[in-house]
Structure formats: structure tokens, C-alpha cells
Amino acid sequence: MKKNIFAFSFFVLVAGGANAQDSSTLSHSYFDLGYERVFYSGDLGATLEDANGFDVELSAAPTEHFFLLADYHHASPDLVDSPGSVDTQDLRLGLGANTLLGGMADIYFQAGTRYIEIPAAGNWDRLDDWGFYFEPGVRLAIFSSWEVYASLDYTRIDEQNLWGGEVGSVFKFTDMLGVEISGRFEDNRSTLGIGGRLQW
């Protein structure tokens with residue numbers, strides 16, 4: 001009996017989320033372009049100066065409960081103890097699933113492949129390899145013009161375990177255009193970003 005009640009409740013929850021998709025402002029189809037300030041710590045902080053960078057992200061939802069994601073970050077930090085700079089790259093390609101709860105909350109999970117390039121410098125060994133990641137997260141529509149979100153992620157790459165998290169907010173001027181502010185925190189570096197969002 002309890003199993004039947006649980007199954008029925010889960011069905012109602014998912015169905016309610018699907019029915020609310022059209023009236024929600026929490027779309028997984030969007031394009032982000034923004035500026036980032038990257039802060040290095042640990043071995044990276046002893047080697048690289050804080051740097052300016054940029055982020056490009058494209059998410060496309062072909063169905064109500066699934067989406068595809070491509071996310072690219074680039075920065076060119078100066079070296080601490082020698083002249084010159086290095087280029088760093090971070091690329092994620094993933095597939096996600098989500099469910100919308102009452103049009104106000106969106107719970108999602110995504111996973112895929114990730115590429116990170118950070119050249120060797122000082123005490124830092126070069127990282128230039130592909131791995132995999134997974135990320136659970138939640139998005140909340142506080143108002144139709146204001147969204148907040150939070151996520152955690154784990155990456156396995158080059159025999160390293162990397163943990164991270166991100167929080168952010170999107171302020172929407174129209175149904176399609178908005179400004180995003182975000183903060184990302186992970187091993188050896190953190191990032192503050194601001195940019196524009198085109199959503200459909």
C-alpha cells in the first residue's frame with residue numbers, strides 16, 4: 001500500500017511539473033556570454049596571478065525533461081615569478097534531465113565529458129586531459145523576472161578528483177533577455193562572473 005501511495009505521489013509530482021513547463025520562466029534553452037574574474041589559490045595561487053576571462057554557455061532543451069549543454073571558460077593569467085602569461089581552458093559537454101515542480105522550482109541532473117587545460121608552471125603540474133563530470137542542481141523562480149540557482153559538481157580527470165559548486169542569480173528584463181551574476185568555487189580556484197542571457 002505504501003509503495004502504491006509513493007508511486008502515485010511521484011507520478012502526480014512529475015505530471016504536475018510537466019504541465020507547469022509552459023507557464024514557467026525556468027527554461028533550459030538559453031545562451032550565456034559573460035566576463036569572469038578568476039582567483040587562484042593553493043599551488044595555482046603560488047604560480048598564477050588572478051586573471052580576467054570569459055564564459056560562453058549554450059543549453060538547448062529538445063524536450064520538456066531533457067537538455068544538452070556546452071560550456072566553455074577561458075582565462076590568460078600572468079605568471080607570479082616570471083614574465084609572460086598562460087592560457088587556461090575549461091570545456092564541458094553534457095546531457096541533462098530535469099523536472100519542474102509547480103512552475104517555481106526546477107531540479108536537474110547533468111553529466112558528460114570535461115576537458116581542462118592548465119599549463120605547468122612553478123609547483124603546478126600540467127593538466128591537459130579529458131575526463132567526466134556530473135552535477136546536480138536546483139533553480140528557483142523567486143519572481144517571473146528573478147531566478148536563483150545552486151549546484152554541486154564532481155569531476156574525475158587525469159586521476160584527480162575535483163569538487164566544485166556554483167551559486168547565481170538571473171535578473172530578466174524581458175521574457176528573453178536578462179543579466180546573470182554568478183560565483184563558482186572549486187579546488188585551487190574560484191570565479192566571479194557577470195554576463196548576459198538570451199533565453200527562449
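Which residue lies over the face of Y133? That's R92, at 4.6 Å from the ring centre; a charge counts as sitting over a ring if NZ of Lys or CZ of Arg is within 6 Å of the ring centre and within 35 degrees of the ring normal. R197 does something similar, with its charged end over the ring of Y30, 3.9 Å from the centre.

Some ground rules before going on. This is a predicted model, where local features need pLDDT of at least 70 and side-chain atom pairs count only at pLDDT 80 or more, while totals for chains, interfaces and linings use all residues. Residues are numbered from 1 along each chain as its sequence is written, and side-chain values use heavy atoms, with hydrogens and water left out.

Now the overall layout. The protein chain has two helices and 10 strands, taken as DSSP runs numbered from the N terminus (H or I, at least four residues, for helices; E, at least two, for strands). Along the sequence the pattern reads α-β-α-β-β-β-β-β-β-β-β-β. Of its 200 residues, 44% count as buried, where buried means under 20% relative accessible area, exposed over 50% and partly exposed in between (1.4 Å probe, protein chains only).

Let's follow the strands from β6. Strand β6 (residues 127-143) runs antiparallel to β7 (residues 146-157), with 10 bridges between them; two strands pair if DSSP finds at least two bridges. A hairpin of two residues makes the connection, and V138 stands opposite A150 in β7. Next, β7 pairs with β8 (residues 160-172), again in the antiparallel sense, over 12 bridges. Here I157 has Q160 as its bridge partner. The hairpin of β7 and β8 also has two residues between the strands, and D158 takes a positive phi near 50° there.

These strands carry some aromatic contacts too. The whole structure holds nine aromatic pairs, meaning rings of Phe, Tyr and Trp (its six-membered ring) with centres within 6.5 Å; planes under 30 degrees apart are stacked, over 60 edge-to-face and the rest tilted. F134 and Y154 make a tilted pair, 5.5 Å centre to centre with 45° between the planes. F134 is in β6 and Y154 in β7, so the pair ties together parts 20 residues apart in sequence. Y154 is buried at 13% relative accessibility, whereas F134 is partly exposed at 33%. Both belong to one aromatic cluster with F109, F132 and W163.

W146 and F171 are stacked instead, at 6.1 Å centre to centre and 5° between the planes. With W146 in β7 and F171 in β8, this pair links parts that are 25 residues apart in sequence.

Finally, the charges. There are 15 salt bridges in the whole structure, each a side-chain nitrogen of Lys or Arg within 4 Å of a carboxyl oxygen of Asp or Glu. R139 and E147 meet in one of them at 2.7 Å, N to O. R139 is buried at 5% relative accessible area, and E147 is buried at 1%. E147 also forms a salt bridge with R197, the closest N and O atoms being 3.9 Å apart. Since E147 is in β7 and R197 in β10, that contact ties together parts 50 residues apart in sequence. R197, which we met over the ring of Y30, is buried too, at 6%. Shared partners join D32, R139, E147, K172, E180 and R197 into one salt-bridge network.
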